[in-house]
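Me: I would like to learn how to read the empty spaces and the helix packing of a protein model. Please take me through them one at a time.

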Amino acid sequence: MVNDPLLQPFQLKHLTLKNRLMMTAHEPAYPEDGMPKALYRAYHVERAKAGLGLTMTAGSAAVAKDSPPVFNNILAYKDEVVPWMRELTDACHEHGTAVMIQLTHLGRRTRWDKGDWLPAVSPSHRREASHRAFPKQVEDWDIERLIRDYADAAERMHAAGLDGIELQAYGHLMDQFWSPLTNTLEEPYGGDLDNRLRFTFDVLRAIRQRVGEAFIVGVRYTGDEMLPGGLSSGDGMEISRRLKSSGLIDFLNVVRGHIDTDAGLTDVIPIQGMPSAPHLDFAGEIRREIDFPTFHGAKIQDVATARYAIASGKVDMIGMTRAHMADPHIVRKIAEGREEEIRPCVGANYCLDRIYQGGAAYCIHNAATGRETTMPHTIPKAAQQRRVVIIGAGPAGLEAARVAGERGHSVVVFEAASDAGGQIRLTAQSERRREMLGIIDWRLARCEALGVEIRYNVWAEAEDVLTEKPDVVIVATGGYPLEDQPAMGSDLVVNTWDILSGHVPPGKRVLLFDDAGDHAALQAAEIIAAAGAELEIMTPDRTFSAEIMAMNLVPYMRSLQRANVTFTPTYRLKSVQRDGSELIAEITSDYAIHGQQDSGHERRIDQVVVNYGITPMADIYFELKPHASNRGEVNYDDLIVGAPQTVTSNPDGRFQLFRIGDAVESRNTHAAIYDALRLVKDL
């Protein structure tokens, strides 16, 4: 693989980047008190150990107190950040990986009720749709201190020994000065393009005065806002020329689009079912026209696409950020000729969506990412081989089988269906979510390589399990839809799984009642709407699809915002009864005053589809409990700290018994995989 384009070095000024792969700036929300402490450091070091050329930290580190993070970002305006960033940088440098950081002021892309409750600032009073704060229009004295804040933050990063910095200029304050849509100032900082760029060049000059000419400085910016009245591709090309000709920067990092709405953000950073590498050609046009070091990353989820980006000369460095969250060892596997072993990014976007909901970033099917201080990416061998029987070959069961196989155990999996996958195989019936099968396919390949035996079309009975003389039994049987709701008329409804599987065709007038708020409801809704049915989606919640986070909601809304679909929040399905060829659905509300008679709330339709969530399918677990040495008990304290399970409540028991995933209770794919990893890694 010596001649692989991805493994060739790139000279950026005085800095030699050892290969062309990078993680673009992103904030996984791992800081503690705004500082990149042990977990943050371990996350980046894991990727450095595997050979990554450049890791770009923070997306984005805040340079000022009136840029309060809307999630857990690095606070670059504090002096105490310097030693923490130095520790991270030194640790990555030990493995030959360059380290940079993205600095920003969020401008209007934040809220006044975060941090120190200071007003948001922007070059106009116009509110950003996503974060909803009405900003104060920036004053002259604000501009002076903001320039100083940027320079102070850059100086801190220089002092910390980083290789460089990147300024964020799409959707944040810097770009808010650039765009006619968000800059209503008069000159010298508003009006024509020269004036709108003035703030950026004032900041860059102030930074250079602090860090000198050798320190690497770049800008990540939008070359086309793709909004009426916003920055056009022509504007973007001119801005690119001016950035290069200023002599103040060393690289361009090009994106395309706008991030002021959930839909805009999702187009900039596409999720599953959306085109791969949608902005690569655009970045290539800027690279060709400007002839300047150019970085890019946007849904470059596979090695082949990344290799093409470099081999074709479209960009100089290619970002595979979400891909490296799925598998931190991509570079090592490329170098060792093991590309087929790379855990694929399936574009589920659980990572980014969790951040925007206020949580830490976790990969939907790599539960060690974001837990590097407690969970291993490489599974160590066990001291002694054990016989492990797993019931169910969904994501939880296959992860348990994979990890047990990596531990060197003898593993057999019983699966009732003719194929592995469980609920993911049902999810993948929707073309837009077909990439989810990568979660299953990768594990099947790893299980085959590890000698795991999978027996299909076997409905495991207790006797089947006992015949295997197991040391450990893991029940990963998942669940099935709740079938006893609503209390009156449950026999007249169908569930979302019936629609997704194709077992029941959509009706012509359909009420879809969603009490769970997860993907199953909207996936079924897409099928029903596409069939031309008149569809009403109803939920008792104040907002529909509460479990589907912002960016994943975008493709659903694009397919469901049509004339034949209605959304009705805050109402609940009470009962269903038949009236000739029709169904009558009685509707109530949790918001009704106690004792107040609901009247007139009914729907006459020909089909009611319900989504009440799922209930565990765990009969075999309870049948096996009397035979187990632990009677199924888990010591949570030991589980959390990563100690082996040693509960022995039944001395006559023949094996340890555990259940994981939805066989315990309805959660999600990540929870199922995390259950398996943290239990089985210590068997």
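Me: How do the residues of the lining of the second largest cavity divide by class?

Reply: They divide into 10 nonpolar, three polar and one charged, where Ala, Val, Leu, Ile, Met, Phe, Trp, Tyr, Cys and Pro count as nonpolar, Asp, Glu, Lys and Arg as charged, and the others, Gly among them, as polar. Please keep in mind that this is a predicted model, in which local features need pLDDT of at least 70 and side-chain atom pairs count only at pLDDT 80 or more, while totals for chains, interfaces and linings use all residues. Residues are numbered from 1 along each chain as its sequence is written, and side-chain values use heavy atoms, with hydrogens and water left out.

Me: What is a cavity, and how much space lies in the second largest one?

Reply: Rolling a probe the size of a water molecule over the atoms shows where empty space is left. On a 1 Å grid over the protein atoms alone, a cavity is a set of points where a 1.4 Å probe fits but cannot get out, whereas a pocket is an open set with protein on both sides within 12 Å along at least five of seven lines, and lining residues have an atom within 4 Å of a point. Points are joined across faces, edges and corners, and a volume is the space filled by probe spheres set on them. The second largest cavity holds about 100 Å³ of space, and of its 14 lining residues, Cys-345, Asn-349, Cys-351, Cys-363 and Ile-364 are the closest to the centre. Helices H10 and H12 each supply at least two residues of this lining, and H10 gives the most, with three; helices (H or I, at least four residues) and strands (E, at least two) are DSSP runs numbered from the N terminus.

Me: How many cavities of 30 Å³ or more are there, and what volume has the largest?

Reply: The structure holds three such cavities, and the volume of the largest is about 640 Å³. It is lined by 46 residues, of which Ala-25, His-26, Tyr-170, Ile-269 and Leu-352 are the closest to its centre. Strand E3 (21-26), strand E4 (54-62), H7, helix H10 (321-326) and H12 each supply at least two residues of that lining, whose classes are 26 nonpolar, 15 polar and five charged.

Me: Which residues are the closest to the centre of the second largest pocket?

Reply: That pocket has a volume of about 560 Å³, and of its 24 lining residues the closest to the centre are Ser-130, Asp-262, Tyr-356, Gln-357 and Ala-550. Two or more lining residues come from each of helix H7 (262-268), helix H12 (350-356) and helix H19 (550-560). By class, this lining has 12 nonpolar, seven polar and five charged residues.

Me: At what angle do helices H1 and H2 cross?

Reply: Two packed helices are described by the angle between their axes and the distance between the axes. Axes are lines fitted to C-alpha atoms, for helices over the stretch in contact (heavy atoms within 4.5 Å), and angles run from 0 to 180 degrees between N-to-C directions. Angles under 35 degrees count as roughly parallel, over 145 as roughly antiparallel, 65 to 115 as roughly perpendicular and the rest as oblique. The axes of helix H1 (residues 38-49) and helix H2 (residues 81-93) cross at roughly 20 degrees and come within 9 Å, which makes H1 roughly parallel to H2. The residues in contact include Tyr-40 and His-44 of H1 and Trp-84 and Leu-88 of H2.
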